[in-house]
Amino acid sequence: MTFRLSRSTFIISLVASLTIAAPPALAGGEKKPMAPAVPGFARFYQNDQAKAAEGGHLLMGALNCMQCHLPKQPELVIDFRPAPILDTVATRVKTSYLREFLSDPQKAKPGTTMPNLFASLEADDKKAKVEALTHLLASTGLPQQMRPDGKGIVSGRDLYSKVGCVACHGTRNAKGDQDKLFATSVPLGNLKAKYHLAGLKAFLENPHQTRPLGRMPGILIGKEASDVAKYLLHGSTPGVSAHNMKYSYYEGAWKNLPDFAKLKPIATGEASDFDLGAARRTNNCALRFEGYLDIEKDGTYSFHVTSDDGSRLWIDDKLVVNNDGVHPPQLKSGNSKLTKGVHKIVVAVFNGGGGFELGVEFEGPGAGRQPLGPRILLSSEPAKVGVEPIGDEPLTPNAQLLAKGKELFGSMGCANCHQLPNEKKSLNATAFDALKGEGGCLDAAPKKGIPWYGLSTTQQTALRAAIQKPAAAITEPKDVIAFTMKHQNCYGCHERDKIGGVEIDVNPHFQATFKEWGDEARIPPSLTGAGAKLNAAYLKKILEQGSHDRPYMHTRMPRFGASAAILVALLDKADAAETNPKVAFADPLTKVKAAGRHMVGKQAFNCINCHNFGGVKTDGVQGIDMAIMAERVKKEWFHNYLINPTKYRAGTRMPSSFPDGTTLLKNVLDGKADTQIEAIWLYLADGKNAMLPVGLNKSSIPLIPINEAIIYRNFIQGAGTRAIGVGFPERAHLAFDANDIRLAMIWQGGFMDAKRHWTGRGEGAEAPMGDNILNLPAGVTFFVLAKDDEAWPTQKAKELGYKFKGYRLTDDQRPTFLYSFNEIKIEDTPNAFEAKGNPMIRRTFAISTDNPIDNLYYRAIVANQIDPEAQGGWYRINDTWRMRIEANAPPVIRKSAGKMELLVPIRFKGNDAKIVQEYQW
Amino acid sequence: MRRSLILLAMFVMPTAFAAAQDKLPTENDYYKLHIFTIPEGEVLEGGALETLPGGKIALGTRRGDVWIIEKGLTDDPKDAVFTRFAHGMHEILGLAHKDGWLYVTQRCDVTRIKDSKGKGKADTFEVVTDGWEINGDYHEYAFGSRFDKSGNIWITLCLTGSFNSNSKFRGWGGKVTPDGKWVPTTSGVRSPGGVGFNAEGDAFYTDNQGPWNGPCGLKHLAVGGFVGHPDSFKWYKEPEAKYLGAAPLVPKSGGRMMVEAKKIPQLYPTCVIFPYGKMGQSAAGIDSDLSGGKFGPFDKQMFVGDQTHSTVMRVTLEKVQGKYQGACYPFRQGHSCGIVPVCFASDGSLIVGGTNRGWGSRGNKPFSVERLAWTGKVPFEIHEMKAEADGFTVNFTKPVDPKTAGEIASYKMETYTYIYQASYGSPEVDKTKPDITKVVVAADNKSARIWVSQLQEGHVHQLTAAGVRSGDGLPLLHNIAYYTLNYIPTAR
């Protein structure tokens, strides 16, 4: 069998799929099998009658219609999607499944695009034909045996849920079985009935070998394919379970591990490798794991338990490690003399709030330090790990049946779609241009000798429309790209020109290593303008070979194989190239590159605060490795992106160091943005040979508030030398300037990295680790104005009579700052809280004095623009963030020194006054 | 009878000697080092120590935590329980306890902290004074003492970058009075390593080799004094310092400190020089033994940590011509980390805190908390070296063998001084080797009077007493002493 691509050639055929329209009940109450799953159709044409012909066009490719109905006019040929190559099918797929699948494809694999060829045959006739074809397919090889293991299953489960499998195939449960399908998911059918472990592993390693033209892209690398196969087939081998211990789950609020004997577990069951996934929630809960350890040698063994919060480990009911109490991740170790044989292991852990972690390791004679989980056994009987059973039934191909199978393979049309060595296509149905759009495959019920696809009504309508009104060949690059993206389900992950992108239901399954980074870190990038952005060679490389350039993103770009390269030229044509001014340097190239390196480094733009470089990881968010930048993107795009990142990537955290095309570094090179960007580019163009930028090599000491606030007094950039940083578990943080006696800034995400101050001598000021930093106005916050239009003072707080008095802490270390302004005492309590997942700061002022005065004001904000909102005391500031004021006198907005100020008059009740201010930014 | 005793001694001694030399006692036989186990995962870089009621010890760290050590004074350091009392302060280098408050000297201020709810955690943080400035330079440290007899805390403020005084009162020492007032008293500070008191309660601090500071040394924080580095002069005009009058004359770079001291009345010469490389390289914390003998025979003497050498040194002081001067002696080495704070605990043992972050130390642990406890055995040591008009008196901790102690050949003396200059440090210069002309052992065999051919004003007089033996035949545990002879006493 050979593949023909249509004249227009570009379309790569696609991932199989199927609509998950709920199967409509048939008259007899019998459920109609799922129609062929074609994601591009389900998403873009299922509900669009107006585009029925276009949808039909897409379906004809997905269903391979023209393999049988070859048009007489060659220009009408529609690109097709090759069916699986069957050359070695029996090495992968069980013969029992082949038989079952041939008998009724839609039943064996709901959503399949494989038609039922025997739908209306007599039972005996059908059985004989199926058997003959089964014998033919069984003659393609023998399965290999593979030994599954619990550890692989656990890792495979993690991979399946993270790397992108879910985007096309829906979620699967702990046993590897189908859990939730989304509207455009392609169901996988009963994999355990279908595959041998080695076969599924081989398929996942290199899907293109079986399904050419990227119908199923490769996404797993190396050992991952084997792990995911083990997960998907978990339970199909007797004696092997991912579950190697028993667990009991409890709920309650504790400061130490409870006495489990006195508690009734909320749930019990089996778990894998001390997996905390058994917990139904992550706060105020506890898990107790019980299993057995088979010791091969007498000796002293060490056990190491890291946990957050407390944990204990017992061996044979004797406490060996005590890591109890409320604490951040903390390691405790203990030793135990063990004799050869099986020992009972119990590990218990609890969590109050915040992070919930458990890691258990052991080491001893002949065993280096290693995770203990995989060594634990469910039963005290030493486990007998079975070899995967090969099957079903041994089938020795019968020569007579084989010959009949060969004949059927051609005559029934199998060879029209499937490749099998030496088998030739011998079936030709009515030419496409002679089809009427009724009867045959489009019939309402199966008909003898006609393939039955189980099409949905909309699919039938669409096909009919496409037959009656054959679509003109698509030629515009942007249209070809869009059609290809539907065909290949690129839109399942990527948006381009406002089409497609991750669907709402699937969205939560895209995750990132840095949660607080938002969508940018977890949702695959938009492909709008991708042709202007990416270098052709690099684009070709990632389409063909896949990539994982964004280490913070759990999913990756899968590999679609050589045929996908067709998109490269199309994208290049479709997306207008960027342009930018030519730059000439006064300095020699070496100096220019050195300037480039300086700018990337810590003392300048500090790109490496977020970006990895040449394989060296930053302590920050692990942005794309800068050493591949020049290989990856086009210079012109890079230039313009640096000047205005958000124009190209809406909502990106990438800051612009070149606001409005000017640079923040006036003393590097000629102090012009264009020159500086060019210098950075030239430096980056050395790729991995470029010298590492300055400041990349210190290990991080992130301060992570878990159950209580963290106070960090040090030199904080933006809050002075007497700064008091406060990190809150709610992930909104602040820095108070105790020198100028004001709240200097608030931010979100990470709190502070102490490495600068806690390694070496601790030089310099450190900026917040997080992002979305909101700098609050300089100057004092309270003042007495003699007249309404008196300007707010610009003197330093101490010169105006302010004194910083210190602070009080609550039990969970949240501060109230104490300061005075002449005779007025101020208690300033800024606290973090979460509103709809957004970390916010609420600041409560308690003001008191023995001599109340009338004209004391609190200056809540200084901005270019302050717009009061209709309700709730909210103000919109600079049209970018919001602030709320609660006071017993209405705030005044006034213009002063070219800016707007929001002044809150302080009205004392007796000797006291109170103001509340909330920041939502 | 007397003669026969001597004969007997002579006869017996070689044997005793041979036996002793097989295995001479070491520092560890007299002062045992107990190393506390620091809670796993915690970093306790010692910055300050203070004793608390009930045998408890407070430790302030460079990371800004205050830890309380309970049960730290038993024979087994494993008994100690560490609890974090406060966190989030800025490089703590001073702790003082009074009335339930811990007064914390940190970079930015002195803040007193308290656990007002009895929950074991500080919840009240009150600024006592923030009378100096900091500009973000890491070298602008603030070291603080415990309380003196009048309830003052003494502070020393390191220079900006350890070379200049770019922020207010950088390069000054001073006190924080009981009512929270910052009173600068002494200019000329360079890079302090600790501040404390002698037995009489006068304030001293250690300063380190650098500009205007040839070697490391112990200096006195006298009111109105100037201790060496003139960049601090710019703050004499500040209201808090005005009471001291005009700034002193700027010293001439490249001379000698005692020459300049004669021109500049405020210049208070370094009381005890720690010869660089011989007695450490980074002098640090100070405390005096007021235990009345619980720490052995060195009652009322001063103990000083050294960060680079991971040692504790011993210091004796006397007043000559109205100025403090004295000697230093090796005492204990082998600490697991560079020593910064030292503090006598209520039982008379010495607690030391270690850190080597940013500055390497011989002890290779990144941080440590240790306790030096006297074993009850008296080591044979030079108890004190005192200046005389024509030599020195050397006291010993145990009766000496009068013969060896009375022999001139048992002693050796050399002298040297340092250049007083704006550039960094100084080599030993103006070296002399005076003759020891006469030695007389006191009738009680507890001291020896040594006559020296030519004393050198302003020089370190380094005395080696290698030949001296104790009555029971032992050599000195440390046979060397360094006396800083700024002023030569008049004949008694």
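**Eight-strand sheet, chain B**

I started with the open sheet of 8 strands in chain B of this predicted model. I traced the order as S18-S19-S20-S21-S32-S31-S27-S28, with antiparallel pairing. At the edges I found strand S18 (283–288) and strand S28 (428–432), each pairing on one side only. From one strand to the next, I noted an average twist of 25 degrees.

I then picked out one pairing inside this sheet. Strand S21 (residues 323–332) of chain B and strand S32 (residues 480–485) of chain B run antiparallel and are joined by 2 bridges. Which residue in S32(B) is the bridge partner of B:Cys328? I looked it up, and B:Cys328 is partnered with B:Tyr482.

**Four-strand sheet, chain B**

Next I went to an open sheet of 4 strands in chain B, ordered S25-S26-S30-S29 and paired antiparallel. Here the edges are strand S25 (382–388) and S29; each has a single partner strand, so one side of each is left without a neighbour in the sheet. I wrote down a twist averaging 20 degrees from one strand to the next.

S29(B) meets S30(B) over 5 bridges, running antiparallel. One bridge I checked sets B:Val441 against B:Ala448 in S30(B). The loop between strand S29 (436–441) and strand S30 (447–452) of chain B holds B:Asn445, and its phi caught my eye: near 60 degrees, positive in a residue other than glycine. Most residues other than glycine have a negative phi. Is B:Asn445 buried or exposed? Neither in full: I counted it as partly exposed, because 17 other C-beta atoms lie within 10 Å, short of the 20 needed to call a residue buried.

**Chain B as a whole**

I stepped back to the whole chain. Chain B has 4 helices and 32 strands. Of its 492 residues, 54% count as buried. I also looked at contacts between residues at least 6 apart in sequence: in chain B, 60% of them join residues at least 24 apart.

On confidence, chain B averages a pLDDT of 94, and 96% of the residues score at least 70. The stretch I flagged is residues 1–20 of chain B, where the pLDDT is below 50 and the model shows 5 contacts beyond near neighbours in sequence. Where pLDDT is low, the predicted coordinates should not be read in detail. For the model I noted ipTM 0.93 and pTM 0.57.

**Where chain B touches chain A**

How many residues does the contact take from each chain? I got 23 from chain B and 25 from chain A. On the chain B side, the largest share comes from strand S9 (residues 124–129), with 4 residues. I sorted that side of chain B into 6 nonpolar, 10 polar and 7 charged residues.

S9(B) also pairs across the chains: 3 bridges join it to strand S24 (residues 802–809) of chain A, and the two run antiparallel. I found A:Gly806 standing opposite B:Glu126 in S9(B).

**Hairpins in chain A**

I followed chain A onward from there. Strand S25 (residues 815–821) and strand S26 (residues 824–835) of chain A pair antiparallel over 5 bridges, with A:Leu818 partnered by A:Glu827 in S26(A). This hairpin has 2 residues between the strands, and A:Asn822 takes a positive phi near 50 degrees.

S26(A) is also joined to strand S27 (residues 838–849) of chain A, by 12 bridges and again antiparallel. A:Asn831 has A:Arg842 as its bridge partner in S27(A). The turn of this hairpin has 2 residues between the strands as well, and A:Lys836 in the turn shows a positive phi of about 50 degrees.

**Two odd spots in chain A loops**

Last, I checked some backbone oddities. The peptide bond from A:Asp308 to A:Asp309 is cis, with omega near -5 degrees. Most peptide bonds are trans. I placed A:Asp309 in the loop between strand S6 (299–308) and strand S7 (311–315) of chain A.

A:Asp316 sits in the loop between S7 and strand S8 (318–323) of chain A. Its phi is near 50 degrees, a positive value in a residue other than glycine. I put A:Asp316 down as partly exposed, because 13 other C-beta atoms lie within 10 Å and the cut-off for exposed is 12 or fewer.

Terms used: Residues numbered from 1 in each chain as written. Chains lettered and ligands numbered in written order. Predicted model: local features only at pLDDT ≥ 70, side-chain atom pairs only at ≥ 80, totals over all residues. Contact = placed C-beta atoms within 7 Å. Nonpolar A, V, L, I, M, F, W, Y, C, P; charged D, E, K, R; others polar. Pairing = 2+ DSSP bridges. pLDDT = per-residue confidence, 0-100. Axes fitted to C-alpha atoms, helices over the stretch in contact; angles between N-to-C directions.
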